[in-house]
Amino acid sequence: TLATFGELRRMTQFKEKSKGQERVGAGLFFYPVLQAADILLYDAAVVPVGEDQKQHIELTRDVAIRFNHTFGETFVVPEADIKPAGARIMSLTDPLKKMSKSDPDPDSRIELRDPADIIRRKIRRAVTDSETVIRYDEERKPAISNLLTIYSLLAGIPIPELEERYAGKGYGQFKQDLAEVIISALTPIQERLEELAASPAIVIRTLQEGAAKARELAAAKMAVVRERCGLGLPPLD
């Protein structure tokens, strides 16, 4: 009752994923409410998200404020932590679309487990534009701007410095170097994934410990929520 039908219907992801569909599952419609519950249940004050999740955090804030106003101060009203750079990485094949694992084209994204040769191929095939100037301009050059953002974030080099470094060098050399930067950044992650894959007991134990801690926190919070709402029996003395 704290999230309205109109709010959920206006959620961008619901509109995009349900567009043109004859049958739309209720799970997609109510997902933002579940997400809000996951945040509020653990008193998260700051939530790191991408730009595309900003609307969901705003809904979460509204739900928390309404509950607190109706039943008394109970939930922390969270803030979204959206980084100024890299909050929305775009597709390698269509710079106007967000990079997504659900994209049917595997060349549109870099995956954590991609081998080095696959990464080089994907970056080599990544769309750019008809120019050869490496310059950041989201409006006129969205594709190369996206690649510059990826390079800058992974290498820790400011975009203006990259523009100066590749002045007059064209896209070929830039893409070649970018691929190596991505490979270097992913190598330690891939090595750790291999270690964990070889020791599933460690993963299972970590998940079990995390689940136990989450249940403890959730139970304590839900006890407060039920009391504020007048649900259940009062505690015995």
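Q: Where is the place of aspartate 43, between which helix and which strand?
A: In this predicted model, phi of aspartate 43 is near 55°, a positive value in a residue other than glycine. At 35% relative accessibility, aspartate 43 counts as partly exposed, because the buried class ends under 20% and the exposed class begins over 50%. Its place is in the loop between helix 3 (26–40) and strand 1 (46–48).

Q: How many Å apart are the closest N and O atoms of the salt bridge between lysine 98 and aspartate 52?
A: The count between domain 1 (5–85) and domain 2 (87–206) is 1 salt bridge. Lysine 98 pairs with aspartate 52, and the closest N and O atoms are 2.5 Å apart. The pair links distant parts of the chain, with lysine 98 in the loop between strand 2 (79–81) and helix 5 and aspartate 52 in the loop between strand 1 and helix 4 (54–71), 46 residues apart. The separation asked for, between the closest N and O atoms, is thus 2.5 Å.

Q: Which residues of domain 1 lose the most area to domain 2?
A: The centres of the two domains, taken over C-alpha atoms, are separated by 29 Å, and 6 residues of domain 1 are in contact with 4 residues of domain 2. Between them the domains bury about 460 Å², 55% of it on carbon and sulfur atoms. On the side of domain 1, 79% of what is buried comes together from Glu51, Asp52 and Ala85.

Q: Is lysine 141 buried or exposed?
A: Lysine 141 forms a salt bridge with aspartate 129, the closest N and O atoms being 3.0 Å apart. Both residues are in the loop between helix 5 and helix 6, 12 residues apart. Aspartate 129 is partly exposed, with a relative accessible area of 25%, whereas lysine 141, because its relative accessible area is 1%, under the 20% cut-off, is buried.

Q: How many Å apart are the end C-alpha atoms of helix 8?
A: Helix 8 has 29 residues (170–198), and at 1.5 Å a residue these should span 42 Å. The helix bends by about 35° at leucine 186, with proline 188 following within four residues. The distance in the model agrees with the expected span, since the end C-alpha atoms are 43 Å apart.

Q: Which helices are included in what covers the buried residues of helix 8?
A: The buried residues of helix 8 include Phe174, Leu178, Ile182 and Leu186. Residues three or four places apart in an α-helix point the same way, because there are 3.6 residues a turn. What covers the buried residues of helix 8 includes helix 5 (116–125) and helix 6 (142–155).

Conventions. Residues are numbered from 1 along each chain as its sequence is written. This is a predicted model: local features need pLDDT of at least 70, side-chain atom pairs count only at pLDDT 80 or more; totals for chains, interfaces and linings use all residues. Side-chain values use heavy atoms; hydrogens and water are left out. Helices (H or I, at least four residues) and strands (E, at least two) are DSSP runs, numbered from the N terminus. The expected span of a helix is 1.5 Å times one less than its number of residues. The bend at a residue is the angle between axes fitted to the seven residues ending there and the seven starting there. Buried means under 20% relative accessible area, exposed over 50%, partly exposed in between (1.4 Å probe, protein chains only). Contact means heavy atoms within 4.5 Å. Domain bounds come from an automatic or database domain assignment. Buried area is the accessible area (1.4 Å probe) that two parts lose on being put together, summed over both. A salt bridge is a side-chain nitrogen of Lys or Arg within 4 Å of a carboxyl oxygen of Asp or Glu.
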